[in-house]
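Me: I have a model open and want to learn to read its features. Can you take me through it step by step?

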Amino acid sequence: MVQSLNSNVCEERIFSNIFKTLSKDVHNFLRYKYGDNLNPKDKVQEAFIKLWDNCKNVSPEKAKSFLFTTANNMMLNEVKHQKVVLKHQQVKPKHYTNETPEFIMEESEYMKKYQRALGNLTEAQREAFLMNRIEGKKHKEIAAELGISRKGVEKRIYGALEKLRKEIDGI
Amino acid sequence: MKKELLIQKWLDGEINDAELTAFKALPEYASYAKLSEKAKLFEDTSYDVDFEYGKLNTIISERRQKTATPVKTLNWLKPLMRVAAILLVGLAIYYAPLYGDTTTVKTLASNQTTIQLPDNSNVKLNASSSLQYKKGDWENNREVNLVGEAYFDVAKGSQFDVNTWLGKVSVLGTQFNVKQRVNYFEVTCYEGLVSLKYKGKEIKLPAGKSFKVIGNEIIVDETKDSLPSWSNKNMSSFKSVPYSEVIQEFERQYNIKVETNNVDMTQLFTGSFALNDQELALKAITLPLELKYNKENKNKIVLTKE
């Protein structure tokens, strides 16, 4: 039995390390699942405050699952069947422009449809799909992070892609 | 079934050339490619780990003060504790250089500080940054860890490394500035030669050049300054930098929260703002973009596009 030397996360060095490695993942996880309207950044802060309050009872190995569970529960308390909306960046302004107004219109229409279609995915599909496409995480990594099988991840991402395509292309 | 397998391999980045050709021949290929490309636009690039950590730290230290209940101690305990504390500090000071413990210097928002390293090199640390080095073990461990922004004036003939989690900068008697944010990394060399490692590649940066990474884009630029403007002119300067970075720098320098309304945070900004006059600085970053600002309270400013 290997006993951990750092039995809890009260020490500032450990706590700040945990924040620096995990906070962005927690943030992205909440965002993908619940969208931008429920202030994922604030929930990350609240979850870490809760971790600090309970620091004596949480070992560094448990911190990750503690954070994800706490943050998720905080979100669930607030979700009142809101539509999930993820904000997107404007298409980068170019120094030159050879794009016709029609093209620019079509692109912005496309992004609107995309946003709606993302909102219509299941939480599980959206989460896995965006972890893969935005953060470029491998199927194996996502499976480990979500605690599901690799097959399950593949199914979710593929399902998401097909559903998005059908909805956006209007088939 | 074949198609599903192809797509899954493509999504996981494991597809080989023959499979890729087959995948590209699918009638739906263009749709998939566009979906995948545009998904990246849903990224929230505004999440700044250092900024969020600073925010959390303020909340926690406030709570710490509140929860520290004023316990009545016995009269003899207090003087005894004082003696113990003095002894402890004395011991710590005596032993610290021997054990080569890590020294950390941190600056809060709207603060700057200057540090002298054991080899007489000077480091100027900008707001909300931290620098770590091994004081006692400097001879074997000539490296510093940096989070945030700092200007280094390295003593002649002294070599050391600056580690940031975006890249590593190695120096040999020179003057340079390192700025490291979540989606932004900049190294500017003012004198001598700097060698930096970014994503496994080694780049040599001569005096008067600066190396910038914005998102995934690498830009090599020139500078005419002899010192970073934040250290000698009391200004923060930017050249073709996303507006979001400018806002975050403003928040760090004035320890204030800025919210934006309908403002394009990706547009590139060239200009500077003063570090000692908030009103003037606000004008400098809003007027060129035709933005309006409104001070909601002492800690919050809202910028609006008309």
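The turns below go from the chain contact to a helix pair and then to one residue.

Reply: Ground rules come first. This is a predicted model, where local features need pLDDT of at least 70, side-chain atom pairs count only at pLDDT 80 or more, and totals for chains, interfaces and linings use all residues. Residues are numbered from 1 along each chain as its sequence is written, while chains are lettered from A and ligands numbered from 1 in the order in which they are written.

Me: How many residues does each chain give to the contact?

Reply: Two residues are in contact if their C-beta atoms, placed from the backbone, lie within 7 Å. Here chain A gives 34 residues and chain B gives 28 residues. Helices (H or I, at least four residues) and strands (E, at least two) are DSSP runs, numbered from the N terminus. On the side of chain A that touches chain B, the elements giving two or more residues are H1 (12-34), H2 (40-53), H4 (101-120), H5 (123-133) and H7 (150-169) of chain A. That side has 15 nonpolar, nine polar and ten charged residues. Ala, Val, Leu, Ile, Met, Phe, Trp, Tyr, Cys and Pro count as nonpolar, Asp, Glu, Lys and Arg as charged, and the others, Gly among them, as polar.

Me: Where is the kink in H1(A) centred?

Reply: A bend is the angle between axes fitted to the seven residues ending at a residue and the seven starting there. In H1(A) the kink is about 45° and is centred on A:Leu22. After H1(A) comes A:Gly35, with a positive phi near 85°.

Me: At what angle do H2(A) and H3(A) pack?

Reply: Axes are lines fitted to C-alpha atoms, for helices over the stretch in contact, and angles run from 0 to 180 degrees between N-to-C directions. H2(A) and H3 (residues 60-78) of chain A pack at about 130°, with axes 9 Å apart. So H2(A) is oblique to H3(A). Angles under 35 degrees are roughly parallel, over 145 roughly antiparallel, 65 to 115 roughly perpendicular, and the rest oblique. The residues of this contact comprise nine nonpolar, one polar and three charged.

Me: Why does A:Ala47 count as buried?

Reply: Buried needs 20 or more other C-beta atoms within 10 Å of the residue's own; exposed is 12 or fewer, and partly exposed lies in between, with C-beta atoms placed from the backbone. A:Ala47 counts as buried because it has 25 C-beta neighbours inside 10 Å. A:Ala47 lies in H2 of chain A. Beyond its neighbours within four places in sequence, A:Ala47 contacts A:Val26, A:Leu67, A:Thr70, A:Ala71 and A:Met74.
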